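Student: Could we go through this one together? I'd like to start with the fold and then get to the charges.

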Amino acid sequence: MTTKRPNHASPWVLDTRPLGRRPGSMKAYRLTAPVGDPMGIEVLAVPRDAEIDLDVRIESVAEGVLVSGTASGTAVGECARCLTEIRVPVSADLRELFAYPDSTTAATTDDDEIPRLIDDLIDLEPLVRDEIVLTMPLAPLCRPDCAGLCVECGERFDDLEPGHSHEILDPRWADLAAKFGVPGGSPTANN
Ligand SMILES: [Zn+2]
Ligand SMILES: [Zn+2]
């Protein structure tokens, strides 16, 4: 996460000045912020213009301001097995130190390791984005035991009769199979 200059007017940006750099002083916020670029992965993301609920605390510590709390929203995507649209609640824990620019931490680390306070502001957006991406399953499912799609007809097994199958559609083929004692297939040469 790289630190760029926060926009004071953004709903994602918190002003830490009320903490007065007094270690131990803290403030809690409940905020709602709109998503710009979709937050997530290709197959599952909180879409543009959806909202993220933020329940965060900022706390002054010796080296900077510690942010902790949770970010939650609803991701939209498609089931990796049956391709149905899914909506999944997502919630990420946040815990990040934003270092004072003149601190030892800032002098001894890169800002992509530990972000900095810039103009005493904290931009929560990149932090929330990173943490939400980390919570995303690589293969989201509509339900854990989704049966997926029938490879023959492309229908969802969940929408089909139990035992749905395309074995031996043609009765003539069935007769032939029975005659040669081959269940549902043709004999293959064995080299
Ligand atoms: Zn599914
Ligand atoms: Zn089928």
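Below is a short run of questions and answers on this model.

Tutor: Ground rules: this is a predicted model, where local features need pLDDT of at least 70, side-chain atom pairs count only at pLDDT 80 or more, and totals for chains, interfaces and linings use all residues. Residues are numbered from 1 along each chain as its sequence is written, chains are lettered from A and ligands numbered from 1 in the order in which they are written, and side-chain values use heavy atoms, with hydrogens and water left out.

Student: In what order do the elements run from the N terminus on?

Tutor: Helices (H or I, at least four residues) and strands (E, at least two) are DSSP runs, numbered from the N terminus. The protein has 3 helices and 8 strands. From the N terminus on, they run β-β-β-β-β-β-β-α-β-α-α.

Student: Which element gives the most residues to the largest nonpolar core?

Tutor: Such a core is a set of buried Ala, Val, Leu, Ile, Met, Phe, Trp, Tyr and Cys residues joined through side-chain atoms within 4.5 Å; buried means under 20% relative accessible area, exposed over 50%, and partly exposed in between (1.4 Å probe, protein chains only). Of its 34 residues, Ile 52, Leu 54, Leu 124 and Val 128 touch the most other members. Elements giving two or more residues include β2 (26-34), β5 (51-61) and α2 (124-135). The most come from β7, with 5 residues.

Student: How far apart in sequence are Arg 30 and Asp 55?

Tutor: These two form a salt bridge, meaning a side-chain nitrogen of Lys or Arg within 4 Å of a carboxyl oxygen of Asp or Glu. Their closest N and O atoms are 3.2 Å apart. Arg 30 sits in strand β2 and Asp 55 in strand β5, so the pair links distant parts of the chain, 25 residues apart.

Student: Is Arg 30 buried or exposed?

Tutor: Its partner Asp 55 is partly exposed, at 31% relative accessibility. Arg 30 has a relative accessible area of 70%, so it counts as exposed.

Student: Which residues are linked with Asp 158 in a network of salt bridges?

Tutor: Asp 158 pairs with Arg 143, the closest N and O atoms being 2.7 Å apart. Both lie in the loop between α2 and α3 (171-180), so the pair ties together parts 15 residues apart in sequence. The network links Asp 158 with Arg 143, Asp 145, Arg 156 and Asp 159.
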